[in-house]
Amino acid sequence: MSDPILTIVVPCFNEEEVLPITINELTRLLTELEQEMLISPNSKILFVDDGSKDHTWDIIYQSGLNNRRVKGLKLSTNVGHQQALLAGLFSAKEHSDCIVSIDADLQDDIRAIREFIKKFHDGFEVVLGVRNERKTDTFFKKHTAQGFYKLMKKMGVNIVYNHADFRLMSRRAVEKLENFGEINLFLRGIVPLIGFNTTHVYYNRKERLAGETKYPLKKMLSFALDGITSFSVTPIRFVSLVGFVSFLVSLIFGGYFILLKFTGNTTTGWTSLITSIWLIGGLQLIAIGFIGEYIGKIYKETKRRPRYIVDIDTFNLAYPVLSDEN
Ligand code: UDP
Ligand code: MG
């Protein structure tokens, strides 16, 4: 096999602080990999600007002018990490034999990419980066993330523990992603469904190089809920089960109170009344919430809106490379 063309896809949302470092580090890595004859000299880095409000796009565009390895894809609005990543994968696959996805903040150890490529040479089509530990995460993030993986597993979603979106996929594997029609693709859950020859590479996760997390609690929760409801109907079953149990409990309580009435020990009943109203009301709200979540999904999917809209794609642009520093 001749050296494969690698494209590294990097979704970026307001990453101006960290981008210059990221561009340097990844360019250096590509040069090394090229010298080691692991990848083709045509390998590139594709930065996907996910509708950033800062100078992210300017940085990408400008560095593309004097670095032949840097390509840019500008989305017209912010569509979120997963969709931005998909946009990058789909654009990159035309030009690549294999594609690595990595976050812009370089929390994932880029040295693992060398191992990814070696595995690709060994014939693996999907290589998942798996974190050894989560030393650098806050206590809160670590535990919520662990809980999330456990919950997903329990609900029958096959995701790899401590694997985020740091992975290598062959061009063929990326092409298969297009067969998954759902608009809201949760990549971590979908990739195992492709089922090609898959392996893991372990690495240590670092602190964000600069800037703030783009995943505040609100986004994290919506991501988790999305992941669960995209793949599993367990919450609906769980709600029905809780409903059934509470129905039984209320029957028992009802019987008990009727018995009390006949024995003449009628209490004012306020406490039981008010607690059951709150209990049932609460349960109903939870149930409606979950049902709403699924209906919302159906609603979104039936509209078949585009996942993202590309504004500028410098891969396909007749793009002037003024000089080649690297
Ligand atoms: N990101 C994106 N669109 C968004 C939010 C985030 O493209 O709406 C990108 C972000 O620039 C980064 C990656 O997704 O490259 C992961 O985000 P972040 O590092 O903030 O998440 P964390 O590592 O804190 O979970
Ligand atoms: Mg990060």
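**Exercise 1. Pairing on both sides of a strand**

Task: In this predicted model, determine which residue of β6 stands opposite Ser-101, and how many bridges join strand β4 (residues 98-101) to β6.

Solution: Begin with the single pair, in which Ser-101 faces Arg-167 of β6. Then widen the view to the strands themselves, where β4, covering residues 98-101, is connected to β6 by 4 bridges and runs antiparallel to it. Turn next to strand β5 (residues 126-131), which is likewise joined to β6 by 4 bridges in an antiparallel arrangement. Within that pairing, Val-127 lies opposite Leu-168, while Val-130 has His-163 as its bridge partner in β6.

**Exercise 2. The other partner of β5**

Task: Establish in which sense, parallel or antiparallel, β5 and strand β7 (residues 198-203) pair, and which residue of β7 is the bridge partner of Val-130.

Solution: The pairing of β5 with β7, residues 198-203, is parallel and extends over 6 bridges. At the level of residues, Val-130 is bridged to Tyr-202 in β7, and its partner in β6 is His-163.

**Exercise 3. Burial of two strands**

Task: Explain why strand β6 (residues 163-170) is described as largely enclosed by the rest of the structure, and examine β5 in the same manner.

Solution: A residue is taken as buried when 20 or more other C-beta atoms lie within 10 Å of its own. By this criterion 6 of the 8 residues of β6 are buried, and therefore the strand is largely enclosed by the rest of the structure. For β5 the count is 5 of the 6 residues, so this strand too is largely enclosed by the rest of the structure.

**Exercise 4. The surroundings of ligand 1**

Task: State how many residues surround ligand 1, and which elements give two or more residues to its shell.

Solution: The shell comprises 16 residues, of which the closest are Pro-11, Phe-13, Ala-104, Thr-213 and Lys-214. The elements that contribute two or more residues to this shell are β1 (6-12) and α3 (81-92). Sorted by class, the shell holds 6 nonpolar, 5 polar and 5 charged residues.

**Exercise 5. Domains and an annotated span**

Task: Identify the segments that make up domain 1 and domain 2, and then ask what secondary structure residues 238-258 adopt.

Solution: The domain assignment gives domain 1 as 6-140 + 148-214 + 307-313 and domain 2 as 233-303, with their C-alpha centres 45 Å apart. UniProt, in an unreviewed entry, lists residues 238-258 and 270-295 under "transmembrane region". In the model, the span 238-258 is 100% helix and 0% strand, and its end C-alpha atoms lie 30 Å apart.

Notes
Residues numbered from 1 in each chain as written. Chains lettered and ligands numbered in written order. Predicted model: local features only at pLDDT ≥ 70, side-chain atom pairs only at ≥ 80, totals over all residues. UniProt positions renumbered as here; feature names shortened; annotations may be inferred. Near = placed C-beta within 6 Å. Nonpolar A, V, L, I, M, F, W, Y, C, P; charged D, E, K, R; others polar. Domains from an automatic or database assignment. Buried ≥ 20, exposed ≤ 12 C-beta atoms within 10 Å, placed from the backbone. Pairing = 2+ DSSP bridges.
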